[in-house]
Amino acid sequence: MQRIQSFTVDHDYIEKDIYVSRIDGDITTYDLRTRKPNAGDYMDNLTMHSLEHMFATYVRNSDMGGDVIYFGPMGCRTGFYLLVRDRTPDEVLGVVKDTLEKVISHDGEMFGASQKECGNFRELSLDAAKSEARKYLDALNSKEHNFKYPKNL
């Protein structure tokens with residue numbers, strides 16, 4: 001059986017960053033890695049769920065919103081996948097940073113935080129979303145980006 005593409009990346013070398021995970025026609029999957037894999041520091045469900053609500057709402061309402069196919073957490077709890085149509089990596093990085101800024105400065109209610117809107121509405125925290133967004137934005141702002149994984153198997 002063929003290995004899926006994400007298993008061909010050597011996770012020992014991945015750091016907090018943004019990577020192009022794969023390209024399928026006009027859709028690019030971005031790996032928004034908020035934590036170093038296998039380092040014992042994983043997002044708890046509250047944080048992951050909360051940032052997903054806030055980021056997904058803001059990114060789908062951005063200038064790039066019509067080209068967003070999907071945004072959601074990785075099962076390993078070390079980041080998120082963002083699938084986008086017809087945008088350059090630099091454009092996506094700019095929108096990701098802008099979206100994180102909007103999450104951090106959000107003043108108001110958590111998006112989708114009612115029983116009618118969410119299947120686990122009691123497990124949300126705006127403070128957790130803001131904290132995670134701040135850490136990831138700091139990591140993105142601290143380096144140059146080539147969008148490539150450091151080493152593949």
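Which side chains does a polar contact of 3.3 Å join? Select Arg-35 and Asp-41, and you have the pair. A polar contact here is a pair of N or O atoms within 3.5 Å; within protein, one atom must be able to donate a hydrogen and the other to accept it, and residues adjacent in sequence count only if both atoms are side-chain atoms.

Before you click on, two notes on the model. It is predicted, so local features need pLDDT of at least 70 and side-chain atom pairs count only at pLDDT 80 or more, while totals for chains, interfaces and linings use all residues. Residues are numbered from 1 along each chain as its sequence is written, and side-chain values use heavy atoms, with hydrogens and water left out.

**Stop 1: Arg-35 and its loop**

Keep Arg-35 selected. You are in the loop between β2 (27-33) and α1 (45-60); helices (H or I, at least four residues) and strands (E, at least two) are DSSP runs, numbered from the N terminus. Arg-35 has a relative accessible area of 8% and is therefore buried. The cut-offs are under 20% for buried, over 50% for exposed, and partly exposed in between, with a 1.4 Å probe and protein chains only.

Now add Glu-132: its side chain makes a polar contact of 2.4 Å with the side chain of Arg-35. To see the whole neighbourhood, show Lys-16, Asp-41, Tyr-42, Met-43, Arg-77, Thr-78 and Glu-132, which Arg-35 touches when residues up to four places away in sequence are not counted. Contact means heavy atoms within 4.5 Å.

Next, pick Tyr-42, which also lies in the loop between β2 and α1. Its relative accessible area is 33%, so Tyr-42 is partly exposed. Leaving out residues up to four places away in sequence, Tyr-42 touches Arg-35, Cys-76, Arg-77 and Thr-78. Try a C-alpha to C-alpha distance to Gly-79: Tyr-42 and Gly-79 are 8.9 Å apart in space and 37 residues apart in sequence.

One more pick in this loop is Asn-38. Is Asn-38 buried or exposed? Asn-38 is exposed, because its relative accessible area is 60%. Check its backbone too: phi is near 55°, a positive value in a residue other than glycine.

**Stop 2: α1 against α2**

Select α1 together with helix α2 (residues 89-105); their axes come within 9 Å and cross at roughly 120°. That angle is why α1 is oblique to α2. Axes are lines fitted to C-alpha atoms, for helices over the stretch in contact, and angles run from 0 to 180 degrees between N-to-C directions. Angles under 35 degrees count as roughly parallel, over 145 as roughly antiparallel, 65 to 115 as roughly perpendicular and the rest as oblique.

For the residues in between, show Leu-51, Met-54, Phe-55, Tyr-58 and Val-59 in α1, which meet Val-95, Val-96, Thr-99, Leu-100, Lys-102 and Val-103 in α2. Coloured by class, the residues of this contact of α1 with α2 divide into 9 nonpolar, 1 polar and 1 charged. Nonpolar covers Ala, Val, Leu, Ile, Met, Phe, Trp, Tyr, Cys and Pro, charged covers Asp, Glu, Lys and Arg, and the others, Gly among them, are polar.

**Stop 3: α1 against α3**

Swap α2 for helix α3 (residues 126-141): α1 and α3 pack at an angle of about 85°, with their axes 8 Å apart. This makes α1 roughly perpendicular to α3. On the α1 side, select Leu-46, Thr-47, Ser-50, Leu-51 and Met-54; on the α3 side, Leu-126, Ala-128, Ala-129, Glu-132 and Ala-133 complete the contact. The residues of this contact of α1 with α3 divide into 7 nonpolar, 2 polar and 1 charged.

**Stop 4: α2 against α3**

Now hide α1. α2 and α3 pack at an angle of about 145°, with their axes 8 Å apart. The residues of the contact of α2 with α3 divide into 10 nonpolar, 2 polar and 4 charged.

**Stop 5: two last picks**

Go to Ser-62, in the loop between α1 and β3 (68-73). Ser-62 is buried, because its relative accessible area is 14%. Its side chain reaches the backbone oxygen of Val-59 at 2.7 Å.

Finish at Phe-147, in the segment after α3. Phe-147 has 9% relative accessibility and so counts as buried. Phi of Phe-147 is near 65°, a positive value in a residue other than glycine.
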